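Please look over the sequence and the model below. This report takes up a domain interface and then a helix.

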Amino acid sequence: MNYPIWDVGGLGAGLVVAIIAIIHVLISHVAVGGGAFLVVAEIWSRRQPDGQRVRDWLHTFATFFLVYTTVLGATTGVGIWFSVQLASAEAISLLIHQFVFAWAIEWVFFLSELTVLYLYYYGFKRNTPRMQTFLAGAYFVIAWGSLVVINGILTFMLTPGAWTIENKDIAAGFFNPGYFPALLIRTVTMFLLAGLAGFLVASRIRDEEFKGRIIQFCVKWVIPGAILVPGLGYWYFTTLPASTVTILAGGTVGVVGGTLSALTRMAILAGVAGTSLVLGTLVFAAYPKTVNTIAAISMLLVAQLGIMGAEFFREMGRKPYVIHGVLYSNGLWVKDAKDPARLNGPYLEKAKWHGGVASGTLAHGEQVFRLQCASCHTRDGYRSVVYRTRNWTAGFGSRWLGTMHDMGVMPPFQGDALDKAALVAYVLSLRGETVDPRDLLPDRQATAQGDDLDPDGSGQALPGLEVAGAEVGR
Amino acid sequence: MRLALAMAGVLAAATASGAGLPMPSPDPLGYPVPPILLQALSYFTLTLHFLAMNLTVGSVVIYLWLTITRKQYDDRLARYLRDLLPLSTSYLITFGIPPLLFVQVLYGQMFYSSSILLGFPWILVIPLVVFLYGAFYYQKLVKNPEHPGVLLLSVLAAMALLSVGFFFVNNITLSVSPEKWMGLYAKSPGGQNLNMDDPTLFARWLLILAPGFTVAGVAILFRGVMMLKWGLTEEGRHNHRIAVNAAVLGMLLEAVAGIWILSAMPDDLRSHVTSAGLAKLLLGLGTAMASVGLVLVFLGRYKASWAYPLMASLAFFLALAPLVALRDVVRIEQLRPHFSLENVPVHAQWCMAGLFAVFLVAGLVFLLALHMMVVPKLIAGRRAELRESA
């Protein structure tokens with residue numbers, strides 16, 4: 001509630017972050033794995049009988065690699081940072097204040113990575129073989145080093161471990177329980193992706209025999225990763241906090257509805273992506289002729305799909321927090337939420353960005369929506385609140401808000417009865433119903449109990465309210 | 001005067017929301033080291049960022065101009081600038097990261113707020129940078145860079161670059177004007193805003209961009225020296241003529257921008273910049289070093305000596321750094337009614353700071369050593385290439 005909410009219509013700020021992040025994850029992993037690929041290819045190419053031709057091919061790969069990783073990799077990395085500032089300023093502020101020097105070290109790695117890559121690329125024809133191999137090796141080590149650093153901050157958000165707001169132990173937060181499994185998964189994935197990128201460049205080679213050799217070389221990069229990643233994923237899963245596991249496993253809350261839990265979906269996605277990659281690669285190995293640009297890009301897209309699944313899984317697993325157990329997605333601090341007086345007192349007084357709306361109006365409700373819900377829901381686009389409340393009646397809404405926290409994926413509601421009434425009236429107004437928030441206050445509600453959708457008073461919606469395929473679109 | 005500013009702030013707050021400004025509280029974690037260190041790091045890296053940015057802006061404009069006018073030797077100089085662009089863009093981005101990090105540590109609550117209010121142009125920076133960076137690579141790698149389509153692409157890339165600068169200036173100026181926040185937020189909560197009514201906006205934009213010609217001029221001076229040393233006297237002299245013209249043009253524009261921004265500032269801020277000890281010192285130092293730099297460019301004209309372009313580079317660095325610091329002094333003054341650095345607690349992370357210092361020094365030494373091993377060979381190779389084509 002410290003910051004304004006970037007209220008982007010049908011997308012929601014969170015989805016903007018996700019879109020940029022998904023592109024970045026693929027490219028940044030290719031960027032690291034590609035470094036190892038360059039080292040091995042440097043050595044290998046010089047042992048081939050037709051060395052010059054292989055080196056020309058490697059030069060093409062290096063050009064592609066340079067342009068791709070700098071133009072798309074570096075910029076989307078900065079892009080994630082930009083978008084997170086807009087979507088979760090409070091969280092990025094905490095991360096930056098806590099880990100500023102880790103980030104600064106990360107920057108030293110960026111600077112070195114970039115410079116070494118340029119020396120490698122521009123010296124391709126003039127450096128000695130030893131220098132080229134050394135530069136490629138240095139590039140790989142540095143790029144992997146940048147992964148080692150950023151991985152600490154990324155995993156911190158989901159598993160802060162022994163770090164708490166009272167005891168800010170940087171080392172414990174950085175080398176948190178999720179750190180090593182995640183590092184291993186990312187490392188294996190990046191080798192896999194480097195091989196896939198190799199396919200793409202090899203697909204442009206005309207000479208069949210030569211192309212075959214390059215493809216065989218790339219195959220060895222893909223197969224181990226495609227087999228290992230699902231298993232490592234399971235290990236990572238075992239480090240997650242119990243509440244996250246409950247959410248992902250579907251548990252009692254039925255988060256994503258339907259018959260599949262997020263966990264099952266993820267398992268299926270990982271299995272399908274892994275299997276397709278192995279099969280595709282085997283086909284490539286057996287019939288190098290089939291490797292054309294489209295096929296190579298399709299393989300990258302399959303990998304991208306797997307990564308997307310993993311990232312959504314991670315995001316979903318972190319709900320309702322941005323930083324697990326510390327800060328909720330909508331900027332509410334867990335320590336503040338534990339104080340009932342603070343949580344249940346009138347909201348506008350504490351919120352900063354309400355613009356002085358008159359209390360008890362629809363405008364009041366809109367502010368509450370924006371400041372408390374809009375970080376995860378849009379009105380009627382992505383994770384639409386209109387759709388999710390389509391069966392709400394005025395009476396039900398206010399009571400549901402009192403228990404929304406029990407679903408496990410949402411923060412507790414902040415505010416008093418009037419704040420709830422204003423929000424409910426606003427939500428109803430989005431689908432065209434006009435209600436005066438003041439008419440929804442509990443003391444006026446005694447007469448309106450008849451149309452309650454929650455007959456047993458448990459605060460849980462009727463089964464019909466659970467939303468099938470919620471995550472996917474609406 | 002401070003009182004006047006404070007009063008203005010309070011008044012604006014009263015009219016904006018009726019309930020005080022929506023100023024977020026500083027991060028509860030406080031500063032990881034005393035702010036002066038963060039400021040110093042940010043001045044240093046921001047100066048490098050500005051220099052790389054200036055090199056890119058100046059190079060792309062001069063490149064386009066040379067390609068369109070096409071006098072003798074222009075094409076080869078144009079190619080040099082064209083090849084420089086992806087490189088300078090890389091460093092412009094990379095050196096932009098630390099100042100952006102430190103501004104968030106130091107002034108996060110103001111900076112995040114203004115970024116969110118300008119959310120749309122702010123996020124647009126990313127696709128624009130991807131586009132211009134990609135275009136710069138494309139025109140370097142493509143077989144026929146003088147094709148009108150490619151030239152058009154370069155023009156668009158240059159415009160994208162200028163817009164990115166414009167959006168940054170918008171954000172930075174808005175971050176020191178909390179009294180405008182609520183109004184903009186009400187106007188467009190999706191962040192389709194700009195800080196257009198800031199009186200110093202355009203002057204500031206020019207102030208940031210104008211040295212581009214000067215910095216690119218120094219880069220051309222370097223090339224001229226190389227030509228002269230290689231015995232390509234005519235071409236070297238041609239390069240030096242362009243270098244001097246560009247450097248002078250940049251400084252003239254910068255002087256115009258400087259006068260413009262001073263006259264556009266609110267009176268009390270201007271009197272602070274021109275009379276308060278520290279601000280006056282920084283301004284004087286910047287101006288003096290810039291003049292020294294310009295004189296060095298003049299003296300280096302037609303001389304086959306690295307000393308002049310090297311010393312001119314140093315002089316321009318020393319000219320820019322105090323102005324970057326002055327920029328921060330002005331910000332602190334503008335924020336005084338709402339915020340001051342001294343009020344944020346310091347929870348020192350000396351261990352982490354030390355670790356960073358170790359990495360930084362090790363990284364720089366490593367890169368320097370590599371440069372000394374690789375770059376001379378590259379230059380020699382380039383020389384052979386030029387000989388062949390001459």
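A polar contact is a pair of N or O atoms within 3.5 Å; within protein, one must be able to donate a hydrogen and the other to accept it. The model is predicted.

**The domain interface in chain B**

Across the interface of domain 1 of chain B and domain 2 of chain B, 8 residue pairs are in polar contact, both residues at pLDDT 80 or more. The rule also finds 1 salt bridge across this interface. Arg76(B) forms a salt bridge with Glu235(B), with the closest N and O atoms 2.8 Å apart. On the side of domain 1 of chain B that touches domain 2 of chain B, helices H1, H2, H3 and H5 of chain B each give two or more residues. H2(B) gives the most to that side, with 17 residues.

The C-alpha centres of the two domains of chain B lie 18 Å apart. About 3,800 Å² is buried between them, and carbon and sulfur atoms give 72% of that area.

| Domain of chain B | Bounds | Residues in the contact |
|---|---|---|
| Domain 1 | residues 1–6 + 30–196 | 42 residues |
| Domain 2 | residues 199–333 + 373–390 | 39 residues |

**Helix H7 of chain A**

H7(A) covers residues 208–238, which is 31 residues. Its end C-alpha atoms are 46 Å apart; this agrees with the expected span of 45 Å, because each residue should add 1.5 Å. At the start of H7(A), a side-chain oxygen of Asp207(A) comes within 3.0 Å of the backbone nitrogen of Glu209(A). Further on, H7(A) bends by about 35° at Val229(A). A proline, Pro230(A), follows within four residues.

Key. Residues are numbered from 1 along each chain as its sequence is written. Chains are lettered from A and ligands numbered from 1 in the order in which they are written. This is a predicted model: local features need pLDDT of at least 70, side-chain atom pairs count only at pLDDT 80 or more; totals for chains, interfaces and linings use all residues. Side-chain values use heavy atoms; hydrogens and water are left out. The expected span of a helix is 1.5 Å times one less than its number of residues. The bend at a residue is the angle between axes fitted to the seven residues ending there and the seven starting there. Domain bounds come from an automatic or database domain assignment. Contact means heavy atoms within 4.5 Å. Buried area is the accessible area (1.4 Å probe) that two parts lose on being put together, summed over both. A salt bridge is a side-chain nitrogen of Lys or Arg within 4 Å of a carboxyl oxygen of Asp or Glu.
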